[in-house]
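Here are my notes on the model you sent round. They go point by point, with the charged pairs taken before the nonpolar parts.

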Amino acid sequence: MSVSDYTETEGLPAADRTPYKPWSYNTASAKLYIPRLGAGQDRWFAAALSDDKGKAPTRLAVFAERPQHKRWEMASVVDLDSPDLPDIALDHDGYATAVAADGNKHLAADANLLRTAVLDNFATGGTRTGTKVFTPTTASKRQIEVHDKTGSRYGDQGTTVFAGTDNRYQDAYALKTADGGALILFSHMHTQTDAVAHSGLQINPGKEDRAWLHDVPRTSITYTFVCNDAATVPAKAAPSRLIGYTCARTDASGPPVPSWSQGA
């Protein structure tokens with residue numbers, strides 16, 4: 001369970017809480033991509049995981065060493081829309097090749113551009129950079145659908161605006177693929193701000209918002225999301241493919257309606 005899941009669950013009455021079922025992966029069917037790293041480089045590896053032996057992978061995770069804590073941690077995990085992963089370039093000993101995720105001039109896009117394109121999918125439906133950087137995939141279409149459906153759900157009674165926000169998770173990881181491109185795993189953060197169109201209206205938080213908003217009606221609510229993303233990037237100038245992303249809401253805040261403030 002993530003911290004955000006725990007926070008949301010703790011805000012619910014016991015009767016409304018869904019029993020937590022931890023996700024586990026089968027070590028026998030896990031496919032590991034361990035890069036050969038030089039002295040002084042941070043140690044990490046990627047793993048394609050499934051919850052049952054013999055089943056295709058459903059998640060792609062990065063495990064990184066945290067020397068300050070003297071342990072390894074799962075640094076990122078992405079739900080895959082398709083089990084078909086690119087072939088990772090391996091050396092004669094079976095090690096993967098790590099490449100620079102940012103500023104790599106041998107790739108059509110780096111993590112920074114991919115992050116910008118993902119944020120654009122949410123913010124504009126991909127009209128600026130999203131559909132230019134990414135070829136349509138299930139994952140990129142889902143992000144654009146979030147923009148289209150969520151942005152119009154209030155009609156003329158309110159608005160919804162998506163925007164990027166200060167990203168606390170700048171680490172990105174990249175492995176060279178057999179075709180000369182790369183598999184890049186990165187993170188982004190974005191906000192979703194819902195606001196009423198005029199005075200006299202209010203937004204009533206749902207029960208899943210209780211941990212943050214405490215059932216108090218608001219004139220606007222800003223939700224913060226932390227997301228992990230995975231994309232395959234070609235070596236030549238061509239669109240990349242977003243193969244999966246996973247988001248979790250980590251905060252929600254907004255001003256109470258004036259009538260509630262006066263009566264509190």
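1. Asp-209 and Arg-249 form a salt bridge through their side chains, with an N to O distance of 2.4 Å. Asp-209 sits in the loop between β7 (182–196) and α5 (210–213), whereas Arg-249 belongs to strand β9 (residues 241–253). The two are 40 residues apart, and the pair links distant parts of the chain. Both partners are buried: Asp-209 and Arg-249. Please keep in mind that this is a predicted model.

2. The structure holds 12 salt bridges. As general background, side chains of opposite charge can pair when their charged atoms come close. Another such pair is Arg-59 with Asp-79, whose side chains meet at 2.7 Å, N to O. Arg-59 lies in strand β3 (residues 59–66) and Asp-79 in strand β4 (residues 71–79), so this salt bridge ties together parts that are 20 residues apart in sequence. Arg-59 is partly exposed, with a relative accessible area of 24%. Asp-79 is also partly exposed, at 30%.

3. Lys-55 and Asp-51 make a salt bridge as well, and their closest N and O atoms are 3.4 Å apart. Buried or exposed, or in between: where does Lys-55 fall? Its relative accessibility is 44%, so Lys-55 counts as partly exposed. Asp-51, at 37%, counts as partly exposed too.

4. Some of the charged residues are joined in a group. Arg-36, Asp-91 and Asp-93 are linked in a network of salt bridges.

5. Thr-160 deserves a separate entry. This residue is part of strand β5 (residues 158–164). Thr-160 counts as buried because its relative accessibility is 11%, and the cut-off for buried is under 20%. Its side chain makes a polar contact with the side chain of Asp-194 at 2.9 Å. The side chain of Thr-160 also reaches the backbone oxygen of Thr-150, at 3.5 Å. Setting aside residues up to four places away in sequence, Thr-160 touches Thr-150, Gly-151, Arg-153, Tyr-154, Gln-192, Thr-193 and Asp-194. Both polar partners, Asp-194 and Thr-150, are thus included among these neighbours.

6. On the nonpolar interior: the largest nonpolar core has 20 residues. Which of them have the most contacts inside it? They are Leu-114, Phe-134, Ile-184, Phe-186 and Leu-242. At least two residues of this core come from each of α2 (111–124), β7, β8 (220–233) and β9. The most are given by α2, with five residues.

7. Ile-184, one of the core residues with the most contacts, can be followed further. Not counting neighbours within four places in sequence, Ile-184 is in contact with Ala-101, Leu-107, Ala-109, Asp-110, Ala-111, Leu-114, Tyr-173, Ala-174, Asp-229, Ala-230, Ala-231 and Val-233. Apart from the largest core lies another, of 18 residues. Tyr-33, Val-78, Ile-88 and Leu-185 are among its members.

8. Nonpolar side chains also appear on the outside. Trp-23, Tyr-25 and Met-74 form a nonpolar patch on the surface, and together they have about 270 Å² of accessible area. Trp-23 is located in the loop between α1 (3–10) and β1 (31–33). With a relative accessible area of 30%, Trp-23 is partly exposed.

Definitions and conventions: Residues are numbered from 1 along each chain as its sequence is written. This is a predicted model: local features need pLDDT of at least 70, side-chain atom pairs count only at pLDDT 80 or more; totals for chains, interfaces and linings use all residues. Side-chain values use heavy atoms; hydrogens and water are left out. Helices (H or I, at least four residues) and strands (E, at least two) are DSSP runs, numbered from the N terminus. Buried means under 20% relative accessible area, exposed over 50%, partly exposed in between (1.4 Å probe, protein chains only). A polar contact is a pair of N or O atoms within 3.5 Å; within protein, one must be able to donate a hydrogen and the other to accept it, and residues adjacent in sequence count only if both atoms are side-chain atoms. Contact means heavy atoms within 4.5 Å. A salt bridge is a side-chain nitrogen of Lys or Arg within 4 Å of a carboxyl oxygen of Asp or Glu. Patches are made of residues with over 30% relative accessible area and no salt bridge: like charges are joined within 9 Å, nonpolar side chains (Val, Leu, Ile, Met, Phe, Trp, Tyr) within 5 Å. Accessible areas come from the Shrake-Rupley method with a 1.4 Å probe; for residues, only the protein chains shown count as cover. A nonpolar core is a set of buried Ala, Val, Leu, Ile, Met, Phe, Trp, Tyr and Cys residues joined through side-chain atoms within 4.5 Å.
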